[in-house]
Amino acid sequence: MLRDTWVLFRHGVRVTLQQKVGMVFGAIQPLLFLVLFGPIFTTFGTWETLVPGLIIQLGLMSMGLAGFGVVFEKRSGVLERMRVTPASRLALLLGRVLNNALTMTIQTLLLLAVAFAFGLRAPAPGLAAGFVLVIVLGSSLAALSYAIALTMNEHLFAPVMSTAVIPLVLLSGSFLPMSMAPGWLDAISHLSPFRYTLEALRDLFAGRYLTGTVGLGVAVTVVFAAVSLTVGTRVFNRENA
């Protein structure tokens, strides 16, 4: 399985590197918010509050829509051809997810580089811990996105997922902490796992490591990852049996 995963990952990386513009384009919207909204936000907030929110936005919009790749492969018959190969069904998923994780790593580093140029001053340990947390979250989102793409009508995936991502971004508190929201909206946002990851990320970027917020964020992210990877694996096994 490891060999199959590595082969599929390497193939995905080659394809991704041939589409450098697409990789950068995937980070354009958070970068635009950083450049055009950031200077306004920092008149009453901080870069350490805004940038984690933009990273979560990046993850939701980039990794949450990763299933587009499977939609195209279904249409072109690539998945059908893969079904007759001896490759492990789990490897078919993991190879893609690892490639998505690499893509998000590059996009996040690009966003952080621009953020530091604008004034972000997060401590190195917080950056490192937050980076790991974000990559775990992004990989989980990609696996879940693939599962949805395989089970949903291919013509509905794009409009449904694109519509779902927007409220998830807003309810996570990407632009403003949800503690500033009305009570009913704050209560609804607690149903989203992304809020907990984001709040943990903000604590880490502020240099606060051993807090209840960080602990809860890590726990929710790990549970979300376990559920997403389990669902993704089962769907891949069923659809490619």
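Helices here are DSSP runs of H or I with at least four residues, numbered from the N terminus. All views show a predicted model.

**Figure 1. Glu199 and Arg195 are paired within helix H11.** Both residues belong to helix H11, which covers residues 193–205. They are 4 residues apart, about one turn of the helix. An α-helix has 3.6 residues a turn, so residues three or four places apart point the same way. The two side chains form a salt bridge in which the closest N and O atoms are 2.8 Å apart. Glu199 has a relative accessible area of 27% and is therefore partly exposed. Arg195, by contrast, is buried because its relative accessible area is 5%, which is under the 20% limit.

**Figure 2. Arg195 also forms a salt bridge with Asp186.** In this pair, the closest N and O atoms lie 2.4 Å apart. Arg195 and Asp186 are both buried.

**Figure 3. Arg208 and Asp203 form a salt bridge.** The N to O distance between these side chains is 2.9 Å. Arg208 has a relative accessibility of 44% and so counts as partly exposed. Asp203 counts as buried, because its relative accessibility is 10%. Elsewhere, salt bridges that share partners link Asp186, Arg195 and Glu199 into one network. The structure contains 3 salt bridges.

**Figure 4. Helix H9 spans residues 154–172.** This helix has 19 residues, and the distance from its first C-alpha to its last is 27 Å. That reach is close to the 27 Å expected at 1.5 Å a residue. The buried residues of H9 are Phe157, Met161, Val165, Val169, Leu171 and Ser172. Just after the helix, Gly173 adopts a positive phi of about 85°.

**Figure 5. Ser172 of helix H9 is in contact with Arg195.** Ser172 has a relative accessible area of 2% and is therefore buried. When neighbours within four places in sequence are left aside, the residues in contact with Ser172 are Ile56, Met178, Phe194, Arg195 and Leu198. Arg195, one of these contacts, is also a member of the salt-bridge network with Asp186 and Glu199.

Note on methods:
Residues numbered from 1 in each chain as written. Predicted model: local features only at pLDDT ≥ 70, side-chain atom pairs only at ≥ 80, totals over all residues. Heavy atoms only, no water. Salt bridge = Lys/Arg side-chain N within 4 Å of Asp/Glu carboxyl O. Buried < 20%, exposed > 50% of the residue type's maximum accessible area, 1.4 Å probe, protein only. Helix = DSSP H or I, 4+ residues; strand = E, 2+ residues; numbered from the N terminus. Expected span 1.5 Å × (residues − 1). Contact = heavy atoms within 4.5 Å.
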